[in-house]
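Trainee: Before we look at the model, could you take me through its charged pairs, its ligand surroundings and its unusual backbone geometry, one question at a time?

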Amino acid sequence: MLPYPSQSLPFQPVDDAGPDDSGEARAPVAGLHLRAALDGLEAGLVTFNRTLDILFVNSRLRSMLEIDPAVAGGVGSLLMLMEASAVLSTTVVQQVHEACQGAVDTRTPQEVTLAAPGARFFSLRVGGLVDRHWMASFTEVTAQRTAEAQAVERAKCDPLTGLLSRTLFHDRISVLLDTGPDHEPTGQPAADPPHPVRHAVMAVDLDRFKSVNDTLGHSTGDGLLCLVARRLRSVLRQHDALSRLGGDEFALLVSPAPDRTVLDQLARRITDVIGRPYLVDGHLVNIGASIGIAVFPEDGATRVELLRNADLALYDAKAMGRSTHSFFRPEMDARAVARRLIEIDLRKALALRQFELHYQPQIDLERHAIVGFEALLRWRHPERGMVSPAEFIPLAEEIGLIVPLGEWVLNQACLEATHWSEPVTIAVNVSPYQFEDTNRLVEAVGRALSLSGLPGRRLEIEITESVLLRNAEPVLAALHRLRGMGVRVAMDDFGTGYSSLSQLHSFPFDKIKIDRSFVKDRDDDVGQNAIIRAITALGASLGMATIAEGVETAGQLERIRDGGCTSVQGYLFSRPVPVAQVAGLIAGYNQFQPTPAY
Ligand code: C2E
Ligand code: MG
Ligand code: MG
């Protein structure tokens, strides 16, 4: 770094050339040689007089601060010069001005670090020369500052749990991998390549943490994270590193790593201890842990590869049904690449208008008429063709795209339904993820209705049982608000998942959609029929209509009718069709009724 200028630079010639400090005369300040020397310095220099008028500016300062060449000639006030910089903000210009004024007023050297926009830093030193002239020198110190900031970051632990920060954890892995093979230094070249020590990285992610945080609040969430950290620490050896990478993500470094059987036991032990109940702020809380494991060197030769593969394994564990663990396998890589490609396309698909809605009719068995359509999303991919929602909805949910996408579906379905000849209902599937922000959902429904002009009673939203399992209170409140707009609510896929008949009491659903699995022909038809009858009877007693999904054959239709179901939907009547075919379907069905349009 440049020593303080007044001690090290030959300033006399500056004085020679300089006029008095009246600010009137502005002769060239330095001789050619001196000017060349000053221009060649690494520091940017400007000299000025008592009234802060410029006497000399070296070319380095002009380039460093990107000073407008029209102003950079060295004539005018210091303030003007600084204001002509494309690098300094108004605040920084003010700081420079104050430092220079301070040096003049107090006759003591000033030193400040200037934080310019774009995370650039400059060190400014202002000092007096002889003969009431002053000099300001600027040095760019961005690189040093960044390095210092990184060092500070490295020293930090996670303030909540006291565990290693992400940066520190990464450093630990790098150091271990760089230490190289584990062999005693003998001074002799090894005959065989030595066996490296094995290290295992475990990526740990908590299951259901988000719902605890959402329902019980962040302070309880924080308390829970601290308890989790303590339990994790309790199962590790002293020298194993444990980090909270952020949110509810933890990672551990087991080194040296035992063999896979022992790692497997360790992972089980972790899922077990994390899965035991917690008492936080008087609440009994249950969460789980999913774990992905990658072992050096076989699962990754570098830190980046190891962490990435542990993450892929974690993803696999979550897909297997949570509270379990997976070891990395090479095929996970190929799957992740394919998934990533779809994800990239999916993010663009909404803007590229690649989505469309197909409509499947719902038939009332008593009136023999089409009484509604279910809107089913389709993705017309330029290379893959029509992609099924079963393939992309879970991904859209995972990357958060489901919220804008679901809003697009609502708008589009309501808009298209206003053009139909019959005032039939339009059923729209709403993802559980859209219920995470219930206000936004209710507003989106309201907007879709008002933009399209569709009466609320013609819109039906389909939700699945899982929606009611989390955050039941805000969800129920939102459903009541939707009901207030006249919108109907149907329980989709009833009979799958957590299905409990008691859920039907929690909200006055307008309709129960009996899942296709009960309609399919199976050996135990008697049992299936009994279930269908039980659901329709309960629905009837609660004033809810029942519709059977996935009716494909006349035989199934008969069974459903016998079971007391009031309406049906399925390939027997029609597959989901593009919007252009809806009018024909309505006209055709009404023409040929009561025989279904096969
Ligand atoms: P879902 O809501 O239960 O929709 C019924 C699914 O069954 C549709 O599949 C439909 O094409 C199919 N289906 C109808 N009749 C028959 C039949 O007779 N036999 C058979 N084998 N299948 C039949 P699709 O269109 O592939 O949609 C799958 C799921 O994707 C939907 O299940 C729904 O959960 C989800 N989905 C579709 N569109 C949307 C949407 O706009 N938003 C959200 N969040 N989810 C959607
Ligand atoms: Mg549905
Ligand atoms: Mg369904």
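**Charges, ligands and backbone**

Trainee: Which residues are linked in a network of salt bridges?

Mentor: Side chains of opposite charge can pair when their charged atoms come close. A salt bridge here is a Lys or Arg side-chain nitrogen within 4 Å of an Asp or Glu carboxyl oxygen, and in this predicted model there are 29 of them. The residues that such bridges link in a network are R339, R340, E343, R347 and E398.

Trainee: At which pLDDT do side-chain atom pairs count?

Mentor: Residues are numbered from 1 along each chain as its sequence is written, and chains are lettered from A and ligands numbered from 1 in the order in which they are written. Side-chain values use heavy atoms, leaving out hydrogens and water, while totals for chains, interfaces and linings use all residues, local features need pLDDT of at least 70, and side-chain atom pairs count only at pLDDT 80 or more.

Trainee: How many residues apart are R198 and E298, which form a salt bridge?

Mentor: The closest N and O atoms of R198 and E298 are 2.9 Å apart. Both residues are partly exposed, R198 with a relative accessible area of 23% and E298 with 42% (under 20% is buried, over 50% exposed, partly exposed in between, with a 1.4 Å probe and protein chains only). R198 lies in the loop between α8 (166-179) and β6 (199-207), and E298 in the loop between β11 and α12, where helices are DSSP runs (H or I) of at least four residues and strands (E) of at least two. The pair therefore links distant parts of the chain, with a separation in sequence of 100 residues.

Trainee: Is E374, the salt-bridge partner of K513, buried or exposed?

Mentor: K513 and E374 bring their closest N and O atoms to 2.8 Å, and the pair links strand β19 (residues 511-514) to strand β14 (residues 369-381), 139 residues apart. K513 has a relative accessible area of 0% and is buried. At 4% relative accessibility, E374 likewise counts as buried.

Trainee: How many residues apart in sequence are the parts tied together by D510 and R483?

Mentor: These two residues form a salt bridge whose closest N and O atoms are 2.9 Å apart. D510 lies in the loop between α19 (503-506) and β19, whereas R483 lies in helix α18 (residues 472-484). D510 counts as partly exposed at 26%, and R483 is partly exposed with a relative accessible area of 26%. The pair thus ties together parts whose separation in sequence is 27 residues.

Trainee: Which residues come nearest to ligand 1?

Mentor: An oxygen atom of ligand 1 is 3.0 Å from an N or O atom in the side chain of E374, and a polar side-chain atom of D493 lies 3.0 Å from an oxygen atom of ligand 1. For R378, the corresponding distance is 2.9 Å. There are 21 residues around ligand 1 (a heavy atom within 4 Å), and those that come nearest are R378, N429, D492, E552 and Y571.

Trainee: What spacing do the donors of the magnesium ion (ligand 3) follow along the chain?

Mentor: Donors are N, O and S atoms within 2.8 Å of the metal (3.2 Å for Na, K and Ca). For ligand 3, the protein donors are D492 (OD), D493 (OD) and E549 (OE), with E549 (OE) listed twice, at 2.0 to 2.5 Å from the ion. Along the chain these donors follow the spacing D-D-x55-E.

Trainee: How many residues apart in sequence are the parts that D493 and E549 tie together?

Mentor: D493 lies in strand β18 (residues 488-494), while E549 lies in the loop between β20 (545-548) and α21 (554-562). D493 counts as partly exposed at 25% relative accessibility, whereas E549 counts as buried at 12%. The parts tied together by this pair have a sequence separation of 56 residues.

Trainee: How far apart are the two magnesium ions that D492 bridges?

Mentor: The ions concerned are ligand 3 and ligand 2, with D492 as the bridging residue. D492 is also one of the protein donors of ligand 3. The distance between the two ions is 3.8 Å.

Trainee: What is omega for the cis peptide bond from F296 to P297?

Mentor: P297 lies in the loop between β11 (288-296) and α12 (303-319). Another cis peptide bond runs from S255 to P256, with omega near -5°, and P256 is placed in the loop between β8 (249-254) and α11 (260-275). For the bond from F296 to P297, omega is near 5°.

Trainee: What is the positive phi of R353?

Mentor: D281, in the loop between β9 (278-280) and β10 (283-285), has a positive phi of about 50° although it is not a glycine. R353 is found in the loop between α13 and β13 (355-364) and counts as exposed at 75% relative accessibility. R353 is not a glycine either, and its positive phi is about 55°.

Definitions and conventions: Polar contact = N/O pair within 3.5 Å; in protein donor to acceptor, adjacent residues only side chain to side chain.
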